[in-house]
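I opened this model to look up a few things and note them as I went. The entries follow the order in which I looked.

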Amino acid sequence: MLEFEGDFESDLPRDELWKYFTDPDVLAECAPGCDTIKMQSPHELTATIAVGVGSVKPTFDVDAVVTAADEPELLEMQADGNASRNAFDLVAEMALVELDAGGTRVDWAARAEVSGMIASLGQRALGSVSNKLVTDFFEDLEEKAREGEPAESKLEAAPQAEASLE
Amino acid sequence: MKPAPFEYHRPTSVSEVASLLTEHHDAELMAGNQSLGIVMANRLATPDHIIDLNRVEDLDYVNVGEDEIEIGAMTTHRTLERSAELAERVRMLPEAAEQIAGPSVRNRGTLGGSIGEADPAGNYPAALLALDATLTLRSADDSRTVPVDDYFIAYMFTDLREDEIIESAAIPTEPFPPERTGMAFLELKPAAQTWPTVSAGTAVRVDDPDADDPVIEEARVALANAADVPLRVPDAEEALEGEPLTEETLDAAAAAATEAADPEAEMHADEEFKVEVAGEYAKRSLETSYRRATDT
């Protein structure tokens, strides 16, 4: 079990950021290595994402379920990904905290089971790479929000959903 | 094992490489093939396209100019190791080159390959960081320069985009007049042909090599394999600048290197050992650099 966490601060209000976090089109553009995201239902996404370390970069078919979506505070997703000789199972959550100064702090955490070649690279490598990828994601997403690119909240929690890595 | 099937491309110009990369997003660039082939043979990477850079002759050059030294990405370790001009101007770099593995690897392996792979144990990443180098990265319709400091992001993870190729590295020469500069690259490794445990690349410029106790005007200290990226140690540099090299300043610099090191344990060296070696090798490398700076 790998655990990652971090935070990201933005001076944009969380109501505003929320729309971007829950718009699959925005996610498709900002998610690192993301080729496509399809919304199967308001709580189910499928995606193809190529991520890895160095030249070890498998393309994963990802199924994601929104397990919690409490606007504008908490978003949680469960995802599993399969690629040739690699697989992951992941729960990721983001808490959007309102700051006194008016901005937002995004506290994020993820727990993952990783197997295959990627796992063999070791936790430290995955840790530093994941942090960079997540930070890139937040920065790209924030920039879209800052530039006022339209976004629409389209995701909601699956009924009776429970994240499996809790 | 054998690698998974792939399509092989052998372009002869940088622009051809760039357009191939635009066409095939998942392509891997192959430089000297001293690492990628092994990874692929173990099926740790299974790219559908390989772009072999060995016929791209316009990436193989060393230009020693007045203000900077520019080195093409496909310049081999052997060429760097044997360059008398580089030994005169930036000794750290040929010294880093000559310690890479054995002759057969050095005949094929390249500067760009090492930077592209971005293994934190690699010699050039640390040396180029110490030398404040800038990389030129090129895609089909863009060319940009990135300071080495910004380029290495995480373990084997860089700022290089999918459609980009490393074209060259440029090292500013201005801070290092040969007559009062000393440099060294020192690595510890369990066996000659393996990756080093920890390495230190250092440079020192003194005010007057003929003085009794020449004062260090500028110092550079970088470590390889002491963190998940090549590691510059500004605190070590500050501890030295403005002072002659004394036991005290040297110890302070070594302590700073120890403090900065955040290595991952590996088979032959646990974390504690690597931290200790980081301090010790920073110290030894600085002593050598200072001696070279003041010997002239």
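**Entry 1: the parallel sheet of chain B**

I looked up His9(B) and found that its bridge partner in strand 3 of chain B is Ile51(B). I keep in mind that this is a predicted model. Strand 1 of chain B and strand 3 (residues 49–52) of chain B are joined by three bridges, in the parallel sense. I then traced the whole sheet: it is open, has three strands in the order 1-3-2 and is paired in parallel. Strand 1 (7–9) and strand 2 (28–30) of chain B are its edge strands, each with pairing on one side only. I noted an average turn of 25° between neighbouring strands, direction ignored.

Next I asked which strands helix 1 of chain B lies across. Helix 1 (residues 14–23) of chain B crosses strand 1, strand 2 and strand 3 of chain B, and it runs at about 170° to strand 3 of chain B.

**Entry 2: the antiparallel sheet of chain A**

In chain A I followed an open sheet of seven strands, ordered 1-7-6-5-4-3-2, with antiparallel pairing. The edges are strand 1 (2–10) and strand 2 (34–41) of chain A, each of which pairs on one side only. Here the average turn between neighbouring strands is 20°, again with direction ignored.

I counted bridges for two of the pairs. Strand 5 (residues 74–83) and strand 6 (residues 86–98) of chain A run antiparallel and are joined by 10 bridges. Within strand 6 of chain A, Glu93(A) is the residue that stands opposite Glu76(A).

I looked at what packs on this sheet. Helix 1 (residues 14–21) of chain A does, and it touches strand 1, strand 4 (59–70), strand 5, strand 6 and strand 7 (104–116) of chain A. The direction of this helix makes about 160° with that of strand 6 of chain A. Helix 4 (residues 123–146) of chain A packs on the sheet as well, touching strand 1, strand 6 and strand 7 of chain A, and its direction makes about 30° with that of strand 1 of chain A.

The second pair was strand 2 of chain A with strand 3 (residues 44–50) of chain A, which run antiparallel and share six bridges. A hairpin of two residues connects strand 2 to strand 3 of chain A. Thr36(A) has Thr48(A), in strand 3 of chain A, as its bridge partner.

**Entry 3: Lys189(B)**

Where does Lys189(B) lie? I found Lys189(B) in the loop between strand 11 (181–188) and strand 12 (198–206) of chain B. A polar atom of its side chain is 2.5 Å from the backbone oxygen of Gln99(B). The side chains of Lys189(B) and Glu187(B) make a polar contact of 2.9 Å. Leaving out residues up to four places away in sequence, I listed the residues that Lys189(B) touches, among them Ile100(B), Ala101(B), Trp195(B) and Pro196(B).

**Entry 4: where the chains meet**

I finished with the interface. Chain B gives 17 residues to the contact and chain A gives 15 residues. Together the two chains bury about 1,400 Å², with 59% of it on carbon and sulfur atoms. Leu44(B), Tyr155(B) and Phe157(B) supply 35% of the area that chain B buries against chain A, more than any other three residues.

How many salt bridges are there between chain B and chain A? I counted zero. Two residue pairs are in polar contact across the interface, both at pLDDT 80 or more. On the side of chain B that touches chain A, helix 2 (36–41) and strand 8 (152–154) of chain B are the elements that give two or more residues. By class, that side has 10 nonpolar, one polar and six charged residues.

Definitions and conventions. Residues are numbered from 1 along each chain as its sequence is written. Chains are lettered from A and ligands numbered from 1 in the order in which they are written. This is a predicted model: local features need pLDDT of at least 70, side-chain atom pairs count only at pLDDT 80 or more; totals for chains, interfaces and linings use all residues. Side-chain values use heavy atoms; hydrogens and water are left out. Contact means heavy atoms within 4.5 Å. Buried area is the accessible area (1.4 Å probe) that two parts lose on being put together, summed over both. A salt bridge is a side-chain nitrogen of Lys or Arg within 4 Å of a carboxyl oxygen of Asp or Glu. A polar contact is a pair of N or O atoms within 3.5 Å; within protein, one must be able to donate a hydrogen and the other to accept it, and residues adjacent in sequence count only if both atoms are side-chain atoms. Helices (H or I, at least four residues) and strands (E, at least two) are DSSP runs, numbered from the N terminus. Ala, Val, Leu, Ile, Met, Phe, Trp, Tyr, Cys and Pro count as nonpolar, Asp, Glu, Lys and Arg as charged, and the others, Gly among them, as polar. Two strands pair if DSSP finds at least two bridges between them. Axes are lines fitted to C-alpha atoms, for helices over the stretch in contact, and angles run from 0 to 180 degrees between N-to-C directions.
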